[in-house]
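Me: I am new to this structure and would love a close look at one part of it. Could you walk me through a single helix and its surroundings?

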Amino acid sequence: MEVDYRKRGGELRQRTYDFAFRIVHLWKSLPKGIEYEVIGKQLLRCGTSIGANYRAATVGKSDRDFLNKIRICQEEADESCLWIEYIIEAG
C-alpha cells in the first residue's frame with residue numbers, strides 16, 4: 001500500500017510555519033553587533049526556508065521531487081540548529 005505523504009502535511013506544515021515565525025522573533029531580539037548580524041542572517045535564511053521548502057515538497061510533481069525537497073528541509077533544519085547552538089554558546 002502506497003502512502004501519499006503530501007496529503008499528511010497539515011501538522012508539519014503548521015509546525016514549520018510556527019518555527020519560521022519564532023526564528024524571526026529570535027533574529028529581531030539578537031544584540032547589535034557584526035557577529036550577531038552575520039549569525040542572525042544565516043539563521044534567518046535557513047530557519048525560514050524550512051517551511052517554504054516543505055510547502056514546495058507537498059506540491060511536488062513526483063515522489064522523487066518530494067523526497068529531494070524534504071532532504072533540503074532536513075539540511076536547513078540541521079543548519080538552523082548549528083546557528084542556534086552558536087547563539088547559545090555566545091551567551
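Reply: Happy to help; here is a tour of helix α1 and what lies around it. Please keep in mind that this is a predicted model.

Helix α1 runs over residues 10-29, which makes 20 residues. From its first C-alpha to its last it reaches 29 Å, close to the 28 Å expected at 1.5 Å a residue.

Now to its two faces. Thr16, Ala20 and Ile23 are the buried residues of α1. They sit on the same side of the helix because they cover an arc of only 60° around its axis. A general rule helps here: an α-helix has 3.6 residues a turn, so residues three or four places apart point the same way. The face turned away from that buried side carries exposed residues, namely Glu11, Arg15, Tyr17, Arg22, Lys28 and Ser29.

What covers the buried side? Among the covering parts are α2 (34-58) and α3 (63-90). Take Thr16 as an example: its relative accessible area is 9%, and it counts as buried because that is under the 20% cut-off. Beyond residues up to four places away in sequence, Thr16 touches Ile50, Gly51 and Tyr54.

Ile23 leads us further inward, as it belongs to the largest nonpolar core. That core has 8 residues, and the others are Leu30, Tyr36, Ile39, Leu43, Cys46, Trp83 and Ile87. Two or more residues come from each of α2 and α3, with α2 giving the largest share, 4 residues. Within this core, Trp83 is in contact with Ile39, Leu43 and Cys46, and Trp83 also contacts Gln42, leaving aside neighbours within four places in sequence.

How values were computed
Residues numbered from 1 in each chain as written. Predicted model: local features only at pLDDT ≥ 70, side-chain atom pairs only at ≥ 80, totals over all residues. Heavy atoms only, no water. Expected span 1.5 Å × (residues − 1). Buried < 20%, exposed > 50% of the residue type's maximum accessible area, 1.4 Å probe, protein only. Arc of directions from axis to C-beta. Contact = heavy atoms within 4.5 Å. Core = buried A, V, L, I, M, F, W, Y, C linked by side-chain atoms within 4.5 Å.
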